[in-house]
Amino acid sequence: MYQIVPATVGDVGLSAMRQYTPPKQKRVDRQRRRMIIAGLIGAALVIAAMASWCYYSASLSKADLLKTELLDLSKDGFVIHNQAAAVVFQMAFRSGSLDLDSCSKEGRVLSCSRSDAGNINFFIETVKPKDTVMCYRVRWEELEAYRPVEHAMDYNGSHWYGGAETWSQHWPIVFAGNQEPMPFITSDVYSNRQAFGGILERYWLSSNATAIKINDSVPFHLGWDENSKTLRFQARYDDSPYKPDPGQPLRAELSYRVCVGYDVTSIHKYMVRRYFNKPNKVPSEAVFRQPIWSTWALHKTTVNQEKLLTFASDIQKHGFNWSHLELDDRYTSGYGEFEFDPEKFPNASYMFQKLKDDGFKVTLWIHPFVNYNSSNFGIGVERGLFVREPGGELPALIRWWNGIGGILDFTNPETRDWYTLHLRTLKNKYGIASYKFDAGETSYLPQQFSTFAPLQDPSMFTRRYTEMAIPYNDRAELRSGYQSQNISCFFRIIDRDSLWGYDLGLKSIIPTVLTISILGYQFILPDMIGGNAYPNRTEGQQGLPDRELYIRWLELSAFMPAMQFSIPPWLYDDEVVQIAKRFTELHETLVAPRVLELASEVLDTGDPIIRPLWWIATDDEASYKIDSQFLIGDDLMVAPVLEPGKQERDIYLPAGRWKSYKGEYYDKGPIHLTDYPVDLDEIAYFVWSG
């Protein structure tokens, strides 16, 4: 180092400087330095520990915040536990992750205001309606227009039931492949195999004793993913038949209720009592006791006066009983007419009087369509009776299985009055007992349409149509239903083909009946014995269903709430006639009294008449997978043969003491009976004996 000193004139450069030697400094003590460093490190560790504790405390608070009554919420979904801490329900958020910093908890309500996609209105509210049931109200509303909401429910290793009638029906539900969410609306699965059926409800039930009910206000679409084993629940208005309330923004909301119970039977009973409509009367006792005889499968659209009278005469001649005779398509000159075709029915008044004298009540086939070439089409256009094009007065033309025309708008009081007047006139003129109301599915509405009263949920069209059956519900028949359990008439499953399998064949009947029973429809017609004998959809010869198939179908139908013939037994041989007589008698003496007893209970409870085996065996895993046996009430178990060429079958008896139709007793249940013999003219059934 150098020291700068004042310079005098003439001093330049280094001459003005001299070398400087600094004074000696004391050496810093090394031990002291170590102590300082250690102190600094210690202070840092203390600060870090305090920060960690604060973070841990905050995490504990957040974790506590995101828990409520056996439910754990995360940014990506939630899980529900039962009392034993096992996970019984899992739901993932597919349309966005929650911003947990926006979440709060107040009492039993968890709420959040943001997701990673934007602002939302989200909450889960815990509701405990009774000691054995815990429910959770869930709502996710997007605050930006056109943004869909999607949650994915994990099967969670359990068996699921409910939802809808389908083309290939299984019990429990089988979701094959991957399906993008599509509108969950009533459809004709006979014309569109990929659609949901004519009877559906937004309700599913799990063997894990959990149930989910989607709210009515949701623009609901359902999809599934076989690989991830999830059901996809989606709410959206974009590219959808659902419409928001007039004047409201297109903001999607997915809301639903999940309930967990002690067992699957008790949670279903709770859900039915809480959320389903119930019948307010039992239909005609005669329909439960004696079979319906329909002209459809036998004569299709070629039916006429002579054929109808011959059909009635043959029923009597062969010694069968009946509840009523059903005159099906086509007895009018055109579709949309309400008067008999004079060429096919030259003396309709005489015909009905003759049938009345012979003890026959008669019902007529009707539908909601008016073809463009019908004399009533112009009247409908002039009076505004049809579903219309969007924003216009012209009817929206649609195609159905019998042509092209308009579909009546049953949200319009004038349409309802016009339709009712025609039905009443037919009833009064000819003594018609009731009607078979065909179609009614939302899928027959055009893609874009308008109605007198706006339909936010298109399936409410089905509900409005089913209401037309109320004045005739003693013997009325419907094939579509949505929130229609209180119409209090018979609901028929969609047309069956004359086949053995699950695709609308014999094997599909039990899964379909069990499914719509779980959906709250208890007065069930299992369709015509032997199927509809449609060309190219029939196993058999000369246009008749296979003989063995017909007999096995007959035996199963005898244990359903009601029986329905069309292909008559005498078209086969005397043995088939005798088998048919024996089973119609068995139905009337054994089955009908039990069904009628249960039917009266339905008015209060809504419980199924036809029940799955797990109804009385909730702890029995085997009972959850059986789709070829069923219960009538809790004490009559039925096991029909559903395979061709078989005169034996495996039978599962839940725990208890059972007496077979042969008089055998089994009391060391549960029991598997392997290759139990069942002759062609038999059906295996067992009665609970304590």
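## Ser374, helix H2 and the overall chain

The side chain of Ser374 makes a polar contact with the side chain of Glu337 at 2.6 Å, where a polar contact is a pair of N or O atoms within 3.5 Å, one able to donate a hydrogen and the other to accept it, with residues adjacent in sequence counted only if both atoms are side-chain atoms. This is a predicted model, in which local features need pLDDT of at least 70 and side-chain atom pairs count only at pLDDT 80 or more, while totals for chains, interfaces and linings use all residues. Residues are numbered from 1 along each chain as its sequence is written, and side-chain values use heavy atoms, with hydrogens and water left out.

Ser374 lies in the loop between strand E22 (369-371) and helix H7 (375-383), helices (H or I) being DSSP runs of at least four residues and strands (E) of at least two, numbered from the N terminus. At 7% relative accessibility Ser374 counts as buried, a term that means under 20% relative accessible area with a 1.4 Å probe, protein chains only.

In helix H2, Asp263 caps the N-terminal end, with a side-chain oxygen 3.1 Å from the backbone nitrogen of Thr265. The buried residues of H2 include Val264, Ile267 and Tyr270.

The two side-chain distances are set out below.

| Side chain | Partner | Distance |
|---|---|---|
| Ser374 | Glu337 side chain | 2.6 Å |
| Asp263 oxygen | Thr265 backbone nitrogen | 3.1 Å |

The chain holds twelve helices and 37 strands. Its C-alpha atoms fill a box of roughly 150 × 70 × 45 Å along the principal axes, and buried residues make up 56% of the 690 residues.

Key:
Buried < 20%, exposed > 50% of the residue type's maximum accessible area, 1.4 Å probe, protein only.
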